[in-house]
Amino acid sequence: MVRSEGKAAGKTIPAIFRVGADAVEKLRGNCSKKMEICDEWEAFSNDTKFDPQE
């Protein structure tokens with residue numbers, strides 16, 4: 001990975017990289033929770049849009 005060879009060849013290396021199957025599982029769970037929050041609050045967030053024409 002450090003030399004961008006093998007499985008890392010041609011890929012952009014992330015600033016933070018978690019290692020291990022358990023880390024990937026936790027990261028996916030965290031992302032899922034964040035997506036649930038986005039889905040739940042999207043309509044409210046969009047309703048707060050400021051329109052300078054009004």
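# Exercises on a one-helix chain

The secondary structure here amounts to one helix and zero strands. The model is a predicted one, so keep that in mind as you work through the exercises below.

## Exercise 1: Overall form

Task: Decide whether the chain is spread out or a compact globule, using its radius of gyration.

Solution. Start with the expected value: for 54 residues, the globule rule gives 10 Å. Next, take the value for this chain, which is 19 Å and well over that figure. The chain is therefore more spread out than a compact globule. To picture this, lay a box along the principal axes: the C-alpha atoms fill roughly 55 × 25 × 15 Å.

## Exercise 2: Surface and charge

Task: Find what percentage of the residues is buried, and describe the exposed area and the charged side chains.

Solution. Begin with burial, where the cut-off is a relative accessible area under 20%. Buried residues account for 4% of the 54 in the chain. Then turn to the surface: about 5600 Å² is exposed, and 56% of that is supplied by carbon and sulfur atoms. Finally, count the charges: there are 9 positive and 10 negative side chains. The centres of these two sets are 15 Å apart.

## Exercise 3: Two cysteines

Task: Explain why Cys31 and Cys38 are not bonded to each other.

Solution. Recall first that a disulfide is a covalent bond between the sulfur atoms of two cysteines. For a pair to count, the sulfur atoms must lie within 2.5 Å. Now check the distance: the cysteine sulfur closest to that of Cys31 belongs to Cys38, and it is 11 Å away, too far for a bond. Looking from the other side, Cys38 likewise has Cys31 as its closest cysteine partner, at 11 Å between sulfurs. The structure accordingly holds zero disulfides. As for their surroundings, Cys31 is partly exposed at 39% relative accessible area, and Cys38 is partly exposed at 45%.

## Exercise 4: An aromatic pair

Task: Classify the geometry of the aromatic pair formed by Trp41 and Phe44, and place both residues in the helix.

Solution. A search of the whole structure turns up one aromatic pair. In this pair, the ring centres of Trp41 and Phe44 are 5.8 Å apart, and their planes make an angle of 85 degrees. Planes over 60 degrees apart count as edge-to-face, and that is the class of this pair. For the placement, go to helix H1, which covers residues 21-47. Trp41 and Phe44 are three residues apart in H1, so about one helical turn separates them. Their exposure can be added last: Trp41 is partly exposed at 47% relative accessibility, while Phe44 reaches 54% and counts as exposed.

## Exercise 5: A backbone angle to check

Task: Say what stands out about the phi of Ser4, and where Ser4 lies relative to H1.

Solution. Most residues other than glycine have a negative phi. Ser4 is not a glycine, yet its phi is positive, at about 55 degrees. Along the chain, Ser4 belongs to the segment before H1. Its relative accessible area of 33% makes Ser4 partly exposed.

## Exercise 6: Distances from the helix

Task: Give the C-alpha separation of Ala21 from Ala9 and of Asn30 from Ile13.

Solution. Take Ala21 first, a residue of helix H1 that is exposed at 67% relative accessible area. Ala9 is 12 residues away along the chain, and the two C-alpha atoms are 21 Å apart. Move on to Asn30, also found in H1 and partly exposed at 37%. Asn30 and Ile13 are 17 residues apart along the chain, with 20 Å between their C-alpha atoms.

Technical notes: Residues are numbered from 1 along each chain as its sequence is written. This is a predicted model: local features need pLDDT of at least 70, side-chain atom pairs count only at pLDDT 80 or more; totals for chains, interfaces and linings use all residues. Side-chain values use heavy atoms; hydrogens and water are left out. Helices (H or I, at least four residues) and strands (E, at least two) are DSSP runs, numbered from the N terminus. The radius of gyration is taken over C-alpha atoms; the globule rule is 2.2 Å times the number of residues to the power 0.38. Buried means under 20% relative accessible area, exposed over 50%, partly exposed in between (1.4 Å probe, protein chains only). Accessible areas come from the Shrake-Rupley method with a 1.4 Å probe; for residues, only the protein chains shown count as cover. Lys and Arg count as positive and Asp and Glu as negative; His and the chain ends are not counted. The place of a charge is taken as NZ of Lys, CZ of Arg, CG of Asp or CD of Glu. Rings of Phe, Tyr and Trp (its six-membered ring) pair if their centres lie within 6.5 Å; planes under 30 degrees apart count as stacked, over 60 as edge-to-face and the rest as tilted.
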